[in-house]
Amino acid sequence: MRRAGFQIISALVLVTLSACAGQIRNHGYMPAPDQVADVLVGVDTRASVEEQLGLPTTEGLIEQDAYFYVRSRLQNKGLRGAEEIERNILVVSFDKNDVVKNIQRFSLSDNSRKICHRRSERRYWDNTQEV
């Protein structure tokens, strides 16, 4: 009887402690790097980007001259709430004719914005070089 009580209490403690463990949740959509590499600056259009990468998370709010693909990872810290541990943003901008003008990647690290990768019209013939 004493052993059964110990096992029940041990199981309850284990379940309680596992409930406090951080859980990671993913939000948003980020196209795969190989899909993004297939988008050509100066060649692809808004329609072909939608076809290759899918619909964006959001568009430019004022001029709608860019697509934004945003993916965030949140870690639940129990009673302290959720904390964003990773954010990646892909920005595909278009010119006035809806042709891809620029492709940029950003990430959030230590609350600062960092440019990870950029492709623009200046590098039209060499779309694979990183800046």
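# Notebook: folds, pairs and rings

I started with the element count: the chain has three helices and six strands. Worth jotting down at once that this is a predicted model. Reading from the N terminus, I get the order α-β-α-α-β-β-β-β-β.

**Entry: how far to trust it**

I checked confidence before anything else. The mean pLDDT of the chain is 77, and 66% of the residues score at least 70. Where is confidence lowest, and where is it highest? The low end is strand β6 (residues 112-120), with a mean of 53. The high end is helix α3 (residues 46-53), at 95. I also looked at residues 121-131, where pLDDT stays under 50. For that stretch the model has 17 contacts beyond four places in sequence.

**Entry: whole-chain numbers**

I pulled the totals next. The chain has 131 residues, and 25% of them count as buried. Its accessible surface is about 9,300 Å², with 54% of that belonging to carbon and sulfur atoms. I then took the contacts between residues at least 6 apart in sequence: 42% of these join residues at least 24 apart.

**Entry: strand β3 and its partners**

Which strands pair with β3? I found β1, β2 and β4 on the list.

- β1 (residues 23-28) pairs with β3 (residues 66-76) in the antiparallel sense, over six bridges. I picked out I24, whose bridge partner in β3 is Q75.
- β2 (residues 58-59) is also antiparallel to β3, with two bridges. Here E59 has Y67 as its bridge partner in β3.
- β4 (residues 82-94) runs antiparallel to β3 over 11 bridges. Two positions I noted: R71 stands opposite N88 in β4, and Y67 stands opposite V92 in β4.

So much for Y67 on the bridge list: E59 is its partner from β2, and V92 faces it from β4.

I went to the turn as well. β3 and β4 make a hairpin with five residues between them. In that turn, G78 has a positive phi of about 70 degrees.

**Entry: aromatic pairs**

How many aromatic pairs does a search of the whole structure find? I got two. The rings of Y29 and Y69 have centres 6.1 Å apart and planes at 65 degrees, so I logged this pair as edge-to-face. An angle over 60 degrees is what earns that label. Y29 is in the loop between β1 and α2 (33-37), while Y69 is in strand β3, so the pair ties together parts 40 residues apart in sequence.

Are these two tyrosines buried or exposed? The answer is split: Y29 is partly exposed, at a relative accessible area of 33%, whereas Y69 is buried, at 0%.

The other pair is Y67 with F94. Their ring centres are 5.1 Å apart and the planes are at 80 degrees, so this one is edge-to-face too. It links distant parts of the chain, with Y67 in strand β3 and F94 in strand β4, 27 residues apart. I checked cover for both: Y67 is buried, with a relative accessible area of 2%, and F94 is buried, also with 2%.

F94 has something else on its ring. I found the charged end of R46 sitting over it, 4.4 Å from the ring centre. R46 falls within helix α3 (residues 46-53), the element with the highest confidence.

**Entry: S93, beside F94 in the numbering**

I looked up S93, which lies in strand β4. Its relative accessible area is 11%, so S93 counts as buried. What is S93 in contact with, leaving aside neighbours within four places in sequence? I listed D65, A66, V99, V100, K101 and N102. For D65 I also took the C-alpha separation from S93: 5.8 Å, with the two residues 28 apart along the chain.

**Entry: an odd phi at D98**

Last lookup. D98 has a positive phi of about 65 degrees, although this residue is not a glycine. D98 is placed in the loop between β4 and β5 (100-109). I read its relative accessible area as 33%, so D98 is partly exposed.

Methods. Residues are numbered from 1 along each chain as its sequence is written. This is a predicted model: local features need pLDDT of at least 70, side-chain atom pairs count only at pLDDT 80 or more; totals for chains, interfaces and linings use all residues. Side-chain values use heavy atoms; hydrogens and water are left out. Helices (H or I, at least four residues) and strands (E, at least two) are DSSP runs, numbered from the N terminus. Buried means under 20% relative accessible area, exposed over 50%, partly exposed in between (1.4 Å probe, protein chains only). Contact means heavy atoms within 4.5 Å. Accessible areas come from the Shrake-Rupley method with a 1.4 Å probe; for residues, only the protein chains shown count as cover. Two strands pair if DSSP finds at least two bridges between them. Rings of Phe, Tyr and Trp (its six-membered ring) pair if their centres lie within 6.5 Å; planes under 30 degrees apart count as stacked, over 60 as edge-to-face and the rest as tilted. A charge sits over a ring if NZ of Lys or CZ of Arg is within 6 Å of the ring centre and within 35 degrees of the ring normal. pLDDT is the predictor's confidence in each residue, from 0 to 100.
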